[in-house]
Amino acid sequence: MDTNQRPPDNNLVWAILATVMCCLPLGVVAIIKSSKVDQLWYQGRHEEAIKAAEDAKKWSIYSAVSIGIIVVLYILFAVIIIAFEGASNI
């Protein structure tokens with residue numbers, strides 16, 4: 001591998017955003033993975049650095065998707081509760 005190559009994007013911004021705005025536990029995993037990318041790259045462990053970058057991106061996506069699922073389930077639950085309240089008032 002060419003030593004002049006740059007390390008892969010560590011996706012740290014996405015990991016932090018996922019932690020702050022979405023799901024804390026999954027976002028923390030993304031931050032941990034992203035923080036390893038540069039260190040692994042400069043140790044010459046390029047394949048591991050690329051894998052860590054991909055994992056950080058994957059965990060950030062999982063975090064964002066999980067909050068989407070939680071919001072949809074919350075809205076569905078609220079609609080069901082409102083429907084049962086309306087039905088019991090008849």
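How many Å should the 19 residues of H2 span, at 1.5 Å a residue? The expected span is 27 Å, and in this predicted model the end C-alpha atoms of H2 lie 29 Å apart, which agrees. Helix H2 covers residues 24–42, and a handy place to look just after H2 is Gly44, whose phi is positive, near 85 degrees.

H2 makes a good starting point for a tour of its neighbours. Its buried residues are Gly27, Ala30, Ser34, Val37, Leu40 and Trp41. The cover over these residues includes helix H1 (12–21) and H3.

Consider H1 to begin with. The axes of H1 and H2 come within 7 Å and cross at roughly 160 degrees. Angles over 145 degrees count as roughly antiparallel, and H1 and H2 are therefore roughly antiparallel to each other. The crossing in which H1 passes H2 is left-handed. On the H1 side, the residues that meet H2 are Leu12, Ala15, Ile16, Ala18 and Thr19. Their partners in H2 are Leu24, Gly27, Val28, Ala30, Ile31 and Ser34.

Now for H3. The largest nonpolar core consists of six residues, namely Val37, Leu40, Trp41, Ala49, Ala52 and Ala53. Helices H2 and H3 (46–88) are the elements that each give two or more residues to this core. Ala52 is a nice residue to follow here: leaving aside residues up to four places away in sequence, Ala52 touches Lys33, Val37 and Leu40. Of these contacts, Val37 and Leu40 also belong to the core and are among the buried residues of H2.

Key: Residues numbered from 1 in each chain as written. Predicted model: local features only at pLDDT ≥ 70, side-chain atom pairs only at ≥ 80, totals over all residues. Heavy atoms only, no water. Core = buried A, V, L, I, M, F, W, Y, C linked by side-chain atoms within 4.5 Å. Buried < 20%, exposed > 50% of the residue type's maximum accessible area, 1.4 Å probe, protein only. Helix = DSSP H or I, 4+ residues; strand = E, 2+ residues; numbered from the N terminus. Contact = heavy atoms within 4.5 Å. Expected span 1.5 Å × (residues − 1). Axes fitted to C-alpha atoms, helices over the stretch in contact; angles between N-to-C directions. Parallel < 35°, antiparallel > 145°, perpendicular 65-115°, else oblique. Left-handed = near helix turned anticlockwise from the far one by under 90°.
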